[in-house]
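Trainee: I have a new structure on my screen and would like to learn how to read it. Could you walk me through some features?

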Amino acid sequence: MHAIKKLLLENKAWAEEKKSDDPEYFERLSHLQTPEFLWIGCSDSRVPANEITGTQPGEIFVHRNVANLVIHTDVNLLSVLEYAVVHLKVRHVIVCGHYGCGGIKAAMTNHDFKQVLNMWLRNIKDVYRLHRDELEAIDDLDKRADRLTELNVQEQVMHLAKTSIIQRAWKNENRPQLHGWVYGLKDGIIKPVFQMTSDSTIDPLYTYDDL
Ligand code: CO
């Protein structure tokens, strides 16, 4: 059977199973979503947000891109963030990276991945440059990539805090909390590495004083 046909068959079986467990399931979900969490994760197929957190449809609003980056000119990411924070009123925003991330590893090479990927990976190289001394003190390249993965998540959380979307929500409603996590492909465990709340200090260069 074609792999693509199998997806549709599996979908039918899943829908039937859900309905037999809870006949109102789809009807209820179709009216409302009230997720508490926004997940910004890597596109990597091995890191599915719902599955690794034991959550169901309706519980996590999700955005994924290569190496879970928060780029201040990315209209896609920013519209997801604004919708989640302003309209869905999520209480937590999670940036979740993962050890063994291909994007992180690629950014540590000098390979030309062609312009579009070069542009994207360039953001990770900038994180590396900010933390070059710490990273280059680690001789083992896998361990260095692991540490860059953690620092990348921390940097992306700080990028969130630099947006007026987050600063306004912090000022008016003391939410959301921002979390930087790293998921382990080898053990399935999520390691929290960084956190920011409305009490956190942001570099004054990036704070808005007339929100
Ligand atoms: Co990845």
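Mentor: Happy to; we will go through a metal site, two pockets, two single residues and a helix. Keep in mind that this is a predicted model.

Trainee: Let's begin with the metal. Which residues coordinate the cobalt ion?

Mentor: With a metal site, list the donor residues and the atom each one offers. Here the cobalt ion is held by the SG atoms of Cys42 and Cys101 and by NE2 of His98, at 2.0 to 2.3 Å. Along the sequence, these donors follow the spacing C-x55-H-x2-C. Cys42 belongs to strand S1 (residues 37-42) and His98 to strand S3 (residues 92-98), so this pair ties together parts that are 56 residues apart in sequence.

Trainee: Are Cys42 and His98 buried or exposed?

Mentor: Both Cys42 and His98 are buried.

Trainee: Now the pockets. What is the volume of the largest pocket, and which residues lie nearest its centre?

Mentor: For a pocket, look at the volume, then at the lining. The largest pocket has a volume of about 440 Å³. Its lining has 18 residues, with Val70, Ile71, His72, His159 and Lys162 nearest the centre. Two elements give two or more residues to this lining: helix H6 (115-130) and helix H8 (141-161). H6 gives the most, with five residues. By class, the lining of the largest pocket has seven nonpolar, seven polar and four charged residues.

Trainee: How many residues line the second largest pocket, and which element gives the most to that lining?

Mentor: The second largest pocket holds about 300 Å³ of space. It is lined by 13 residues, and those nearest its centre are Tyr99, Gly100, Asp146, Leu185 and Lys186. H8 gives the most here, with three residues. This lining divides into four nonpolar, two polar and seven charged residues.

Trainee: How should I read a single residue? Where does Asn65 lie, and what does Asn65 touch?

Mentor: Ask about its element, its burial and its neighbours. Asn65 is part of strand S2 (residues 60-65). Its relative accessibility is 8%, so Asn65 counts as buried, the cut-off being under 20%. The Asn65 side chain reaches the backbone nitrogen of Asn68 at 3.1 Å. Leaving aside residues up to four places away in sequence, Asn65 touches Gly41, Cys42, Ser43, Asp74 and Trp120. You have met one of these already: Cys42 is a donor to the cobalt ion.

Trainee: Let me try Glu59. Where does Glu59 lie, and why does Glu59 count as partly exposed?

Mentor: Glu59 sits in the loop between helix H3 (49-53) and S2. Glu59 counts as partly exposed because its relative accessibility is 33%. Its side chain reaches the backbone nitrogen of Gln56 at 2.8 Å. Not counting residues up to four places away in sequence, Glu59 touches Pro35, Glu36 and Phe37. You can also compare sequence with space: Glu59 and Leu38 are 21 residues apart in sequence and 9.0 Å apart from C-alpha to C-alpha.

Trainee: One last feature, a helix. Which residues of helix H9 are buried, and what do they pack against?

Mentor: For a helix, find the buried residues, then see which elements they meet. In H9 (residues 164-173), the buried ones are Ile165, Ile166, Gln167, Ala169 and Trp170. They pack against helix H4 (75-87), H8, strand S4 (177-183) and strand S5 (190-196). Look just past the end too: H9 is followed by Asn174, which has a positive phi near 50°.

Conventions: Residues numbered from 1 in each chain as written. Predicted model: local features only at pLDDT ≥ 70, side-chain atom pairs only at ≥ 80, totals over all residues. Heavy atoms only, no water. Donors = N, O, S within 2.8 Å, 3.2 Å for Na, K, Ca; no water. Helix = DSSP H or I, 4+ residues; strand = E, 2+ residues; numbered from the N terminus. Buried < 20%, exposed > 50% of the residue type's maximum accessible area, 1.4 Å probe, protein only. 1 Å grid on protein atoms, 1.4 Å probe; cavity = no way out; pocket = protein on both sides within 12 Å on 5 of 7 lines; lining within 4 Å. Points joined across faces, edges and corners; volume = space filled by probe spheres on them. Nonpolar A, V, L, I, M, F, W, Y, C, P; charged D, E, K, R; others polar. Polar contact = N/O pair within 3.5 Å; in protein donor to acceptor, adjacent residues only side chain to side chain. Contact = heavy atoms within 4.5 Å.
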